[in-house]
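This report describes the fold, one helix and part of the surface of a single protein. Please keep the sequence and the model in view while reading.

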Amino acid sequence: MFSLSDYLPIALMFLVAIGFAAGNVLLSQLVGQHKATRTKTMPYECGKDPVGSARERFSVKFYLVAMIFILFDIELIFLLPWAVVFRDFVTTHGLGTLIYVEMMTFVVLLLVGYVYVLKKGLFEWGDRARREAEAEARSLALKESRERATRGAATRPARAA
């Protein structure tokens, strides 16, 4: 039977978490230093000083690694609840073999994807990979500059001879 009082510990946990976060922010504002220096007001990005244009080209490898990370993160999101309820399905429903085969099929498919990514060299960040990424960035910049030049030529009025 549903009882709202069963959720009281969860509500209490949220209240404690919100109170802790708000208390730390308030305490930081009251006790912390408020000197604005050049270093403090400078944008911060991954421990590196911001140098150059914000529209700098990045290698596709950065985005692929991010997508692979998300893929394996989602795998874990599916794998943990399955592991928790697997025994219940085996004992009450008798579907243990079917559910186990389905999950192992899922894991094998992910393993095939991982092997494919390894064979493609996505995780290689050596000199060769760096040169390929730089060459890709140069070709994209060249293509972009050509497109700008053709757009600029098309918008300029033709001179009379």
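## Helix H3

Helix H3 bends by about 40° at Val85. The model in which this bend appears is predicted. H3 covers residues 60-93, and its 34 residues should span 50 Å at 1.5 Å a residue; the end C-alpha atoms lie 46 Å apart, which agrees with that expectation. After H3 comes Gly94, with a positive phi near 70°.

Which residues of H3 are buried? They are Lys61, Ile68, Glu75 and Trp82. In general, residues three or four places apart in an α-helix point the same way, because the helix has 3.6 residues a turn.

## Overall architecture

The protein contains five helices and zero strands, and its pattern along the sequence is α-α-α-α-α. Among contacts with a separation of 6 or more, 64% join residues 24 or more positions apart.

## Burial and surface

Of the 161 residues in the protein, 9% are buried. The exposed area amounts to about 14,500 Å², of which carbon and sulfur atoms supply 67%.

A nonpolar surface patch of about 830 Å² is formed by Phe2, Leu4, Tyr7, Ile10, Met13, Phe14 and Ile18. Within this group, Leu4 is located in the segment before helix H1 (8-31). Leu4 has a relative accessibility of 66%; because exposed means over 50%, Leu4 counts as exposed.

Terms used: Residues are numbered from 1 along each chain as its sequence is written. This is a predicted model: local features need pLDDT of at least 70, side-chain atom pairs count only at pLDDT 80 or more; totals for chains, interfaces and linings use all residues. Side-chain values use heavy atoms; hydrogens and water are left out. Helices (H or I, at least four residues) and strands (E, at least two) are DSSP runs, numbered from the N terminus. Buried means under 20% relative accessible area, exposed over 50%, partly exposed in between (1.4 Å probe, protein chains only). Contact means heavy atoms within 4.5 Å. Accessible areas come from the Shrake-Rupley method with a 1.4 Å probe; for residues, only the protein chains shown count as cover. The expected span of a helix is 1.5 Å times one less than its number of residues. The bend at a residue is the angle between axes fitted to the seven residues ending there and the seven starting there. Patches are made of residues with over 30% relative accessible area and no salt bridge: like charges are joined within 9 Å, nonpolar side chains (Val, Leu, Ile, Met, Phe, Trp, Tyr) within 5 Å. A salt bridge is a side-chain nitrogen of Lys or Arg within 4 Å of a carboxyl oxygen of Asp or Glu.
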